[in-house]
Amino acid sequence: MRGLSEKIAGIAPSATIEISNAAKRMAKEGIDVISLSIGEPDFDTPEHIKDACIDALRRGETHYAPSAGIPELTEAIAEKITRENGFPARQDEVIVTCGAKDAIYEAMEAVLNPEDEVLLLDPSWVSYEPCAKIAGAKVRHHALDPETFQVDDTLLSAVGPRTRMIVVNSPSNPSGAVLNADSLGLIADICRDHDLFALSDEIYEKLVYGKKPVSVASLPDMAERTITVNGFSKAYAMTGWRIGYAVAPRAVIRQMEKVQQHTISHPTTFAMFGAVAALRGSQDCVEAMRREFERRRDYIIPAFSDLGYTTAPADGAFYAYVNVGGDDMAIARSWLHDAHVAVTPGTAFGTPGWLRVSYATSMENLQEAVGRIARV
């Protein structure tokens, strides 16, 4: 057989796969493993969203749709962005994608050229770097302050002549940190001064505790150079629906549409009608889930403090980022094999010595997991 793609061969598999596979093997053997590794809400999709999808199926919404998404959804997204995120968005500046991850990939394909450089703020989500590399770009990592998880002036020196994009993720996966006004202002200044794109991943914007997230595109002169990515997986417990979206200048959306037309064509038609119901219906379900995540956050952060660990500021998302001060892979293996608790090593996010602990599970599981870890 002839050689395969060198580009894909050069992309490492997920650094979490060892722990994940081991946890699955143990579960199959009948071992009671508590998984605190998955970034998925443990709630069911709200009924009114499911009903809208079922209604769409029954009336025959099972055929091809426009590549950028059904008009009902692109309109609802544009209205949501204009109403909630602080910058105006037109319907033709929206594309609906197969999850937020697909939006990130398409955006990078649409704007990056070979040898362009993408700046990642570590800790950073595991798929940003592979998406950039698939698009032919290179990646430069810049570490955030390990106590505040905010941006400081050291970011200025990380920008090089080939830098084309800065990826912003607030609230953050994995840290749960929310970037403050100074951090976002500095990022915006750099983007304006160096003519860079900001890719702003805002998938956790609804899951914030005591703070208000700010969209990068709402800052002065940033809408014209920002690709805002969001979706329905986290806020509406719709992970399996695979519906995300991007809002960007029309020229960028046109490029993303080309990528979409030649890959997925468009997201699942009837699922998009469920997403319309999510945006246009009552948001009480979102607030109820947010409050429950906050209750769990208020338990797990002090619990790790009592065990002698420090954590990142957990102002959003549903993760406790725990500083274990040692070999995170070895400690993750120990917690799995000795305590039967699965967590995600910080190495996966570019910050060895940390563990990501998801509290998107029941309070009972969290309490049992903490007790097991304490006994290791």
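Me: Which residues is E202 in contact with, leaving aside its neighbours within four places in sequence?

Reply: In this predicted model, E202 touches N85, S170, S215, V216, T228, V229 and N230. Each of these has heavy atoms within 4.5 Å of E202, so each is called a contact. As for its place in the chain, E202 sits in the loop that joins strand 6 (197–201) to strand 7 (226–231).

Me: What makes you say that E202 has no salt bridge?

Reply: Let's look at its possible partner. The nearest side chain of opposite charge belongs to K80, and that is 6.0 Å away. A salt bridge needs a nitrogen and a carboxyl oxygen within 4 Å, so K80 does not qualify. E202 is therefore a buried residue without a salt bridge.

Me: Then why is the pair K50 and E47 called a salt bridge?

Reply: Here the closest N and O atoms are 2.9 Å apart. The limit is 4 Å, so the pair counts. Both residues belong to helix 3, three residues apart, or about one turn of the helix. K50 has a relative accessible area of 22% and E47 one of 49%; both values fall between 20% and 50%, so both residues are called partly exposed.

Me: How do you know that R192 and D189 form a salt bridge, and where do they lie?

Reply: Their closest N and O atoms are 2.5 Å apart, and because the cut-off is 4 Å, this pair passes. They lie in helix 8 (residues 181–194); being three residues apart, they are separated by about one helical turn. R192 is partly exposed at 28%, and D189 is partly exposed at 35%.

Me: What about E287 and R291: how far apart are N and O there?

Reply: The N to O distance is 3.6 Å. That is within 4 Å, so this pair is a salt bridge too. The two residues are four apart in helix 11, about one turn of the helix. E287 is partly exposed at 31%, as is R291 at 48%. Both belong to a network of salt bridges that also links R290, E294, R297 and D298. Under this rule, the count for the structure comes to 30 salt bridges.

Me: How do you know that the length of helix 11 agrees with its number of residues?

Reply: Helix 11 (residues 284–306) has 23 residues, so at 1.5 Å a residue the expected span is 33 Å. Its end C-alpha atoms are 34 Å apart, which agrees. Its buried residues include C285, M289, F293, I300 and F304. The buried residues of this helix pack against helix 3 (47–58), helix 12 (328–339) and helix 13 (363–375), among other elements. Just after helix 11, G308 takes a positive phi of about 95°.

Me: What makes helix 5 a mostly covered helix?

Reply: Nine of its 12 residues are buried. Among them are A100, I104, A107, M108 and V111. The span can be checked as well: 16 Å is expected for its 12 residues, and the end C-alpha atoms are 17 Å apart, which agrees.

Me: Which residues have the most contacts inside the largest nonpolar core?

Reply: They are M108, V118, M165 and I227, in a core of 69 residues. Helix 5 (residues 100–111) gives the largest share of this core, seven residues. Leaving aside neighbours within four places in sequence, M108 is in contact with V118, M165 and L199, among others. Apart from this core lies another, of 32 residues, including V96, I243, V276 and C285.

Me: How many disulfides does the structure hold, and why is C98 in none?

Reply: The structure holds zero disulfides. For C98, the nearest cysteine sulfur is that of C131, 13 Å away, whereas a disulfide needs two sulfur atoms within 2.5 Å, so C98 is in none. C98 counts as partly exposed, at 31% relative accessibility.

Me: And why is C285 called buried?

Reply: Its relative accessible area is 18%, and buried means under 20%, so C285 is buried. C285 is in no disulfide either: the nearest cysteine sulfur, that of C53, is 15 Å away.

Terms used. Residues numbered from 1 in each chain as written. Predicted model: local features only at pLDDT ≥ 70, side-chain atom pairs only at ≥ 80, totals over all residues. Heavy atoms only, no water. Core = buried A, V, L, I, M, F, W, Y, C linked by side-chain atoms within 4.5 Å. Buried < 20%, exposed > 50% of the residue type's maximum accessible area, 1.4 Å probe, protein only. Lys, Arg positive; Asp, Glu negative; His and termini not counted. Expected span 1.5 Å × (residues − 1).
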